[in-house]
Amino acid sequence: MAAGTRGVVLRLCALVVLLDVAFCKGFVEDLDESFKDSRKDDIWLVDFYAPWCGHCKKLEPIWNEVGVEMKSIGSPVKVGKMDATSYSGIASEFGVRGYPTIKLLKGDLAYNYRGPRTKDDIIEFAHRVSGALVRPLPSQQMFEHVQKRHRVFFVYVGGESPLKEKYIDAASELIVYTYFFSASEDVVPEYVTLKELPAVLVFKDGTHFVYDGKLVAIAVIDEKNASVEHTRLKSVIQEVARDYRDQFHRDFQFGHMDGNDYINSLLMDDVKVPTVVVLNTSNQQYFLLDRQVTSTEDMVQFIRSVLDGAVQAQGGDSILQRLKRMVFDAKSTVVSIFKSSPFMGCFLFGLPLGVISIMCYGIYIADPEGNYIEEERYEAPQSELGGPEGREAAAVESRGPPEPGSGLSPGPAGRGPKDVLEKKTD
């Protein structure tokens with residue numbers, strides 16, 4: 001009896017576990033090829049996985065918890081997963097190169113998640129990226145709440161201006177890393193002193209400073225790469241920011257970035273990682289490493305070389321660079337169109353080229369005299385014929401000599417014009 005009861009309990013436990021798993025999976029949609037056309041109607045958080053991938057299997061229960069949490073809090077973000085090996089075409093269009101790959105898809109934009117694969121971190125990423133690029137802070141209470149909740153964030157203070165436009169552009173690129181807010185001057189804490197407006201404030205670890213176009217030294221690394229080169233460069237940039245703050249704080253800001261997508265678009269070049277890039281945000285110039293950085297001393301020497309002018313500046317905001325930017329943006333747009341929808345790309349660019357080709361071909365083969373060529377024929381004007389004899393001779397000459405055996409012979413010279421006209425008619 002006890003054994004039978006124990007068996008019933010075990011079966012009930014197993015049933016509860018299965019129901020729990022099924023319940024969690026019910027909030028994560030399995031996506032197929034129809035997702036490509038329907039995704040723009042909603043905001044999606046998608047896990048691109050491979051069935052044989054060990055990391056993907058480890059992420060699966062966490063991903064199910066993300067789906068449940070997003071549904072329970074009423075988030076507008078839908079959670080799904082796609083087998084990237086079965087739908088490799090769609091996965092490649094979204095730039096999936098490894099497994100698992102987590103992306104938030106919002107309209108025509110796709111944001112990569114590169115943080116820790118925990119439920120809270122993934123949900124935080126989804127909230128940050130799915131919302132407004134720049135969030136307003138309407139009160140000091142809300143400002144204090146943001147300070148307690150976020151370790152690093154930016155705040156734009158002021159009204160409409162060209163600086164705000166640049167701020168929004170920066171937010172669209174960097175929203176995957178941190179939050180961007182806007183506030184009026186009376187919302188900013190009293191301990192913050194602003195000499196002029198508009199201004200951009202940076203809050204980090206309880207401190208703040210006014211962002212005034214300083215040089216920014218960025219270590220570009222791959223967080224997933226555990227090799228010595230990547231981990232060492234990240235440690236070096238952190239040590240310089242901490243230990244040499246008094247020397248470089250006035251001119252430099254320091255940070256590290258996972259992946260080179262943003263830097264590539266900014267520099268209009270393919271930057272190899274790991275590396276360090278120094279950006280001058282006031283004039284769009286940048287400086288690339290001119291040496292191998294293996295220690296803090298190497299990094300300090302490079303930074304001092306930038307300040308001394310020993311490292312050549314590249315880029316800028318000249319007319320040539322602006323034209324180069326226009327060409328680069330146009331090329332990037334064309335490539336993205338063909339990657340996202342090859343058929344649409346062929347239609348948009350192939351149809352006009354086809355029409356132009358047909359028009360050129362038609363112009364080339366057309367006869368400028370009127371599409372056909374008549375047999376040339378010369379008739380002398382009446383003034384050149386003179387008298388009857390001249391007209392008859394001209395008529396005979398235009399016909400040519402009679403063929404042998406034809407029974408035709410030149411008529412007498414005394415025939416009048418009427419006879420000549422009848423002969424020409426014949």
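# Reading the cores, strands and turns of a predicted model

Guide: The largest nonpolar core in this structure has 38 residues, and those with the most contacts inside it are Leu45, Trp63, Leu104, Ile122, Phe125, Ile263 and Val277. Helix α5 (residues 119-130) supplies the largest share of this core, five residues. Please keep in mind that this is a predicted model.

Visitor: What is the general idea behind reading a core, and what does phenylalanine 125 touch?

Guide: In soluble globular proteins, nonpolar side chains tend to be buried together. Leaving aside residues up to four places away in sequence, phenylalanine 125 touches Leu45, Leu104, Tyr111, Asn112, Tyr113 and Val176. There is also a second, separate core of 22 residues, which includes Leu233, Phe252, Val293 and Phe302.

Visitor: How should I read a sheet, and what is the order of the strands in the open sheet of five strands?

Guide: Strands of a sheet pair through backbone hydrogen bonds, either parallel or antiparallel. Here the open sheet has the order β1-β3-β2-β4-β5, with mixed pairing. β1 (29-30) and β5 stand at the edges, each with a single partner strand, so one side of each is left without a neighbour in the sheet.

Visitor: Which strands are joined to β4, and how many bridges are there in each case?

Guide: Strand β2 (residues 43-49) runs antiparallel to β4 and is joined to it by six bridges, with leucine 45 standing opposite leucine 104 of β4. Leucine 45 and leucine 104 are both among the residues with the most contacts inside the largest nonpolar core. Strand β5 (residues 109-113) is also antiparallel to β4, through five bridges, and the bridge partner of leucine 105 in β5 is alanine 110. β4 and β5 form a hairpin with two residues between them, and glycine 107 in the turn has a positive phi of about 65 degrees. As for burial, β4 is mostly covered, since five of its six residues are buried.

Visitor: In what sense do β2 and β3 pair?

Guide: β2 and strand β3 (residues 77-83) pair in the parallel sense over seven bridges, and in β3 the bridge partner of tyrosine 49 is aspartate 83.

Visitor: How do I read a helix such as α7, and which of its residues are buried?

Guide: An α-helix has 3.6 residues a turn, so residues three or four places apart point the same way. Helix α7 (residues 162-174) has 13 residues and reaches 19 Å from its first C-alpha to its last, close to the 18 Å expected at 1.5 Å a residue. The buried residues of α7 are Lys164, Tyr167, Ala171 and Leu174. They cover an arc of only 95 degrees around the axis, which puts them on the same side of α7. On the other side of α7, Pro162, Glu165, Lys166 and Asp169 are exposed. The buried residues of the helix pack against β7 (152-157), β8, β9, β12 (252-258) and α10.

Visitor: Which backbone features deserve a second look, and where is methionine 268?

Guide: Most residues other than glycine have a negative phi, and most peptide bonds are trans. Methionine 268 is not a glycine, yet it has a positive phi of about 55 degrees, and it lies in the loop between α10 (261-267) and β13 (275-280). Methionine 268 has a relative accessible area of 13%, under the 20% cut-off, and is therefore buried.

Visitor: Where are the cis peptide bonds?

Guide: One joins tyrosine 99 and proline 100, with omega about -10 degrees, and proline 100 lies in the loop between α4 (88-93) and β4 (101-106). Another joins leucine 197 and proline 198, with omega about 0 degrees, and the place of proline 198 is in the loop between β8 (179-183) and β9 (199-204).

Visitor: How do I read a polar side chain such as that of serine 305, and is serine 305 buried or exposed?

Guide: Begin with its accessibility and then look for its partners. Serine 305, in helix α11 (residues 296-308), counts as buried at 12% relative accessibility. A polar atom of its side chain lies 2.8 Å from the backbone oxygen of glutamine 301. Not counting residues up to four places away in sequence, serine 305 touches Arg291, Ala310 and Val311.

Definitions and conventions. Residues numbered from 1 in each chain as written. Predicted model: local features only at pLDDT ≥ 70, side-chain atom pairs only at ≥ 80, totals over all residues. Heavy atoms only, no water. Core = buried A, V, L, I, M, F, W, Y, C linked by side-chain atoms within 4.5 Å. Buried < 20%, exposed > 50% of the residue type's maximum accessible area, 1.4 Å probe, protein only. Helix = DSSP H or I, 4+ residues; strand = E, 2+ residues; numbered from the N terminus. Contact = heavy atoms within 4.5 Å. Expected span 1.5 Å × (residues − 1). Arc of directions from axis to C-beta. Polar contact = N/O pair within 3.5 Å; in protein donor to acceptor, adjacent residues only side chain to side chain. Pairing = 2+ DSSP bridges.
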